[in-house]
Amino acid sequence: DLSCGVDCAISIRFDGHSPEAFTMPRPVCRPLDVGGFVLNVDTGSPVNVDELCFSVHGSGTHAECMRHVLPRDSGKTIDQLNPQQSLVGATLITINVCDFGSTAEGYTGKQQSGDSVIAACALREALKTIHEKVADADRPFFYGAVVVRCQHRKQGLSEAAWSGTNPPYFTSDAASLIAQLPGIRYWMCDLPSIDREDDDGHVGN
C-alpha cells in the first residue's frame, strides 16, 4: 500500500534541533541582509526572504555517490544518477555493534581495537534470519535497498551531537558483503558515515 509508507529519514531542521557531525555547524535560517536592508517583515521589510545555510553531510539524512570522494569534475552527481525506478523493495535490519578487536575483520584506514563497528558476521546472520522464509529467487527484490539500524549508545538521533565521539562504522568486510548482495542499489544507515570519523582520510568503504 503506497499510501502507508514509513519515513525513516532525519529531516534537516533550522531550529537548533538537527544532528551534527564532523564538526559542521547545525543548520541556520536567517533573514537575508542585502546591503544592510534586512528582508524581514518584523523589521519593516515588505516581504520575508530567508537565507538557509547548512551542510547535508553533518545535518541529517542525505544521499552520497562516488562524486563525494572523486575530483569535482569526475563522476556523476546525485541528480545525474536518475534511478530507473524510484520504488524498490527494501530490507530493514537491526544490528548490535561490537568492538573492532573482537572481530577477525579488517578496515582500510586507522582503527583501534575498542572502536564500535558493524561487522560482516552480524550482518550475515541478520540477513539470514530475516530472509529465511524468502525464496532465493525473490531476495534480489528485497535487496534493492538495505537499511541498517544500529543498536548503539547514542540516543536521540534527530538531535545527536556526533562530532568527536568516534561513532560506530562498518568494517571493510561488512561493506564488501553489502556491495555484493544481489540486486543491491541503495545502502542506508542511521550513522553519520559508513567510515570511521577519523581514518586518516582513507574513506575506504
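This is a short tour of one protein chain, stop by stop, with something to select at each.

**The whole chain**

Start with everything shown. The model is predicted. The chain has 205 residues, and 29% of them count as buried. Now switch to a cartoon view. You should find five helices and ten strands. Turn the chain around. Its C-alpha trace spans about 65 × 45 × 35 Å along the principal axes.

**Stop 1: a nonpolar patch**

Select F14, L52, F54 and V56. Together they make a nonpolar surface patch of about 330 Å². Show this group as a surface, then as sticks.

Keep F54 selected. Where does F54 sit? Its place is in the loop between strand 4 (50-53) and helix 1 (56-59). F54 is partly exposed, because its relative accessible area is 39%, between the 20% that bounds buried and the 50% that bounds exposed.

**Stop 2: rings that meet**

Stay here and look at the rings. The structure holds four aromatic pairs. One of them is F14 with F54: the ring centres are 5.8 Å apart and the planes stand at 80°, so this pair is edge-to-face. F14 belongs to the segment before strand 1, while F54 is in the loop between strand 4 and helix 1, so the pair ties together parts that are 40 residues apart in sequence. F14 is partly exposed too, with a relative accessible area of 32%.

Now move to F141 and F142. These two also form an edge-to-face aromatic pair. Their centres are 5.1 Å apart, with 85° between the planes. Is F141 buried or exposed? F141 counts as exposed, because its relative accessibility is 52%. F142 counts as partly exposed, at 30%.

**Stop 3: E51 and R30**

Next come the charged side chains. How many salt bridges are there? The count comes to six.

Select E51 and R30. Their side chains meet in a salt bridge, 3.4 Å from N to O. E51 lies in strand 4 and R30 in strand 1 (residues 28-31), so this pair ties together parts that are 21 residues apart in sequence. Both ends have some access to the surface: E51 is partly exposed at 32% relative accessibility, and R30 is partly exposed at 37%.

**Stop 4: K110 and D198**

Select K110 and D198. They form a salt bridge, and the closest N and O atoms are 2.8 Å apart. K110 is in the loop between strand 6 (98-99) and strand 7 (116-118), and D198 is in the segment after strand 10 (186-189), so the pair ties together parts that are 88 residues apart in sequence. K110 counts as partly exposed, with 31% relative accessibility. D198 counts as partly exposed as well, at 39%.

Add D200 to your selection. K110, D198 and D200 are linked in a network of salt bridges.

**Stop 5: D115 and R196**

Now select D115 and R196. In this salt bridge the closest N and O atoms are 2.7 Å apart. D115 lies in the loop between strand 6 and strand 7, and R196 in the segment after strand 10, so the pair ties together parts that are 81 residues apart in sequence. Are these two residues buried or exposed? Both D115 and R196 are buried.

**Stop 6: strand 5 and its partner**

Select residues 90-96, which make up strand 5. Colour its two faces. On the covered face are T91, I93 and I95. On the uncovered face are A90, L92, T94 and N96.

Then add residues 145-151, which are strand 8. How many bridges join strand 5 to strand 8? There are seven, and the two strands run parallel. To line them up, find A90: it stands opposite A145 in strand 8.

**Stop 7: S172 and T108**

Finish at S172. This residue lies in helix 5 (residues 172-179). S172 is buried, because its relative accessible area is 17% and buried means under 20%.

Now show T108 beside it. The backbone nitrogen of T108 lies 3.0 Å from a polar atom of the S172 side chain. Draw a distance line between those two atoms to end the tour.

Methods:
Residues numbered from 1 in each chain as written. Predicted model: local features only at pLDDT ≥ 70, side-chain atom pairs only at ≥ 80, totals over all residues. Heavy atoms only, no water. Patch = residues over 30% accessible without salt bridge, like charges linked within 9 Å, V, L, I, M, F, W, Y side chains within 5 Å. Areas by Shrake-Rupley, 256 points an atom, 1.4 Å probe, with all protein chains shown as cover. Salt bridge = Lys/Arg side-chain N within 4 Å of Asp/Glu carboxyl O. Helix = DSSP H or I, 4+ residues; strand = E, 2+ residues; numbered from the N terminus. Buried < 20%, exposed > 50% of the residue type's maximum accessible area, 1.4 Å probe, protein only. Pairing = 2+ DSSP bridges. Phe/Tyr/Trp six-rings, centres within 6.5 Å; stacked < 30°, edge-to-face > 60°. Polar contact = N/O pair within 3.5 Å; in protein donor to acceptor, adjacent residues only side chain to side chain.
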